[in-house]
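Reader: Could you take me through the pockets in this one, and then the strands and the residue that go with them? I'd like the cut-offs as you go.

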Amino acid sequence: QADRASRRRGGIPSTTAGVYRWAMQIAIGTRKGLWTADRRDGAWEVSQPLKHMAEFSAVAYAPRGDGESPRLVVGARSWFWGPSVLTSDDGGLTWSDPEAGAIAFPEDAGAALERVWTLEPDPYEPGVVWAGCEPHSLWRSTDGGESFTLNDALWDHPHRPTWQPGAGGPAVHTIRPRADGSMLVAMSTGGVYRSADKSAGWTPANRGIRVEFQPDEYPEYGQCVHRIALDGADQTHVYAQNHGGVYRSEDSGDSWRPIMDGLPADFGFVVLAHPSRADTVWVVPISTDTMLPPDGRLRLWRTDDAGESWRETGVGLPDGFYGTVLRDAAHVADVDGTAVIAFGTRNGSVFASLDEGETFEEVASRLPDVLSVRVGA
């Protein structure tokens, strides 16, 4: 009875008072509220809305100590209170409420936070959570997302005044920490930048990525890169879904080459790399003309040879479907040695695969516009 009451409140059933446990969960951020879906007894159970009347453009699960479920960290934008980062340690029953906002520009920056576009717990630094925001900025938290400091080196970069907004706005939208202490970020529309120490020395890493809408089609920076992913086995291999084209780098972003031959479309927002297997990558192609799945067939396309060949996958995904998948609304996570994939669409459906993208089931439908999805385990 207590567990059923907890579910009605949108919470996570607990095995011990105050300790919330689950085997697998999907966090779903939408244009108008936040949900979670738990995997129980072979089926998905979707919560009631955990938070109302706010946009949740970023969600993440930040690991905590042994025996504790991950912390839920979300980027929320209230139409009344504005944007901030909120955290919950009890599955969304209660939330942090930082009085001054978890992210705030220094007074001399001449800027204000517009939106948190992505949240990335650092797998190599316990307690560290990164945030990519609008306007173009990178932020670091050392307390699990409760407070953040601005990365001054990227904010003061001489290129920043010439970075342009994408269709959604000017933002750092992808953050990829690496095991060697370096980091790659991608932004609209500045392209890919790299730092050897996650702090300073940010250099553009875009050579070979085409900008089809500029007179100089191969500039040093200014590429409209939609998403990047690190190879799960060799982090010098990086994949990019560009405004037009899918690319691979074998030298940490120093150079790129196109790998979209065989795909039904070269546009899209999603690229996912297998968490532990080399050369395995998924994309979700979208037609450039319509910004919808080609022929209305929502599918993943998979490569197991680093983009030399592709095959359609995703049995159980619908035909006659006209919903776009945004960049932060797709995620792959290692769950007991298997890559679990989940993604949501702009017309409110969420799909999940427990077999590395071969088959999918619909987790939720008729939600508001899905902006962000993360798998927690």
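Author: Here is a walk through the two pockets, then a strand pair, then one glutamine.

Quick ground rules: this is a predicted model, where local features need pLDDT of at least 70, side-chain atom pairs count only at pLDDT 80 or more, and totals for chains, interfaces and linings use all residues. Residues are numbered from 1 along each chain as its sequence is written, and side-chain values use heavy atoms, with hydrogens and water left out.

The largest pocket holds about 1100 Å³ of space. A pocket here is an open set of points on a 1 Å grid over the protein atoms alone, where a 1.4 Å probe fits, with protein on both sides within 12 Å along at least five of seven lines; lining residues have an atom within 4 Å of a point. Grid points are joined across faces, edges and corners, and the volume is the space filled by probe spheres set on the points. Of its 40 lining residues, E120, P121, P123, H331 and V332 are closest to the centre. Elements giving two or more residues to this lining include β6 (54–62), β9 (115–121), β13 (171–177) and β25 (330–335); strands are DSSP runs of E, at least two residues, numbered from the N terminus. β25 provides the largest share, five residues. By class, the lining has 25 nonpolar, seven polar and eight charged residues. Nonpolar covers Ala, Val, Leu, Ile, Met, Phe, Trp, Tyr, Cys and Pro, charged covers Asp, Glu, Lys and Arg, and the others, Gly among them, are polar.

The second largest pocket has about 610 Å³. Its lining has 24 residues, with W117, G168, F269, L326 and R327 nearest the centre. β6 and β9 turn up here too, each with at least two lining residues. The classes are nine nonpolar, nine polar and six charged.

Back to β13: seven of its seven residues are buried, meaning under 20% relative accessible area (1.4 Å probe, protein chains only). β13 pairs with β14 (residues 183–188) in the antiparallel sense over six bridges; pairing takes at least two DSSP bridges. A171 stands opposite S188 in β14. Five residues sit between the two strands of this hairpin, and G181 takes a positive phi near 95°.

Last, Q241 in strand β18 (residues 238–242). Q241 counts as buried because its relative accessibility is 1%. Leaving out residues up to four places away in sequence, Q241 touches several residues, among them H226, R227, D266 and F269, where contact means heavy atoms within 4.5 Å. That F269 is also one of the residues nearest the centre of the second largest pocket.

Key: Helices (H or I, at least four residues) and strands (E, at least two) are DSSP runs, numbered from the N terminus. Buried means under 20% relative accessible area, exposed over 50%, partly exposed in between (1.4 Å probe, protein chains only).
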